Amino acid sequence: YMKVSVKIDRESKNLTGISADIRKKMQQVIAYGINATRNTAVDNILRGAKSGETYVKYNPRRTHQASASGQFPASDTGFLANNIVTSIQGNGLEGEVISQAEYSQYLEYGTSKMGARPFMQPSLEQNRPKIRARLRKLLG
């Protein structure tokens, strides 16, 4: 289990006096941010460049191109990509992207026997400038 969050920090922003229209637009930015982050992770797992070892797997028999350390994980069965979900909280002003595969943290951070194949944090970092730009435009 692994997650990254996108939220509007209520401590630093006075959100009590904002209009319903602005609040709705902020909620849309959060929804955009978590969906874009999820989509980046899934797309890079399924279609990103992989340069690790190629080997044959069985049951069913198939050739698998693994990822190298530092790359997004390579998809084999699709389980990881299919188990990355989003969740909205905080009246729509907070959201999470959650990887529900039990081995997610091992991929993200690596183990003593395997280098990290980070996919959650890099996905958020790729989308952070777009999320911030949308908020700046909204709050201009």
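## Working through a core and a hairpin

**Exercise 1.** Is L107 buried or exposed in this predicted model?

*Solution.* Start with the number: L107 has a relative accessible area of 13%. The cut-off for buried is under 20%, so L107 counts as buried. Next, place the residue: L107 sits in helix α3, residues 104–109. Now look at what surrounds it. Leaving out residues up to four places away in sequence, L107 touches P73, L80, M114, A116, R117, P118 and F119. Finally, try a C-alpha check: L107 and F72 are 35 residues apart along the chain, yet their C-alpha atoms are separated by 8.7 Å.

**Exercise 2.** Which residues have the most contacts inside the largest nonpolar core, and which element supplies its largest share?

*Solution.* First, the core itself: it has 25 residues, and I45, I84 and F119 have the most contacts inside it. Then sort by element. β1 (2–7), α1 (20–47), α2 (79–82) and α4 (120–139) each give at least two residues, with α1 providing the largest share, 7 residues. Now zoom in on F119. Setting aside neighbours within four places in sequence, its contacts include A41, I45, F72, P73, L80, I84 and L107. As a general backdrop, nonpolar side chains in soluble globular proteins tend to be buried together.

**Exercise 3.** How many bridges join β4 to β5, and which residue takes a positive phi in their hairpin?

*Solution.* Take the strands: β4 (residues 84–89) and β5 (residues 94–99) run antiparallel and are joined by 6 bridges. For one facing pair, pick S87, which stands opposite E96 in β5. Then go to the turn: 4 residues lie between the strands, and G90 takes a positive phi near 55°.

Notes
Residues are numbered from 1 along each chain as its sequence is written. This is a predicted model: local features need pLDDT of at least 70, side-chain atom pairs count only at pLDDT 80 or more; totals for chains, interfaces and linings use all residues. Side-chain values use heavy atoms; hydrogens and water are left out. A nonpolar core is a set of buried Ala, Val, Leu, Ile, Met, Phe, Trp, Tyr and Cys residues joined through side-chain atoms within 4.5 Å. Buried means under 20% relative accessible area, exposed over 50%, partly exposed in between (1.4 Å probe, protein chains only). Contact means heavy atoms within 4.5 Å. Two strands pair if DSSP finds at least two bridges between them.
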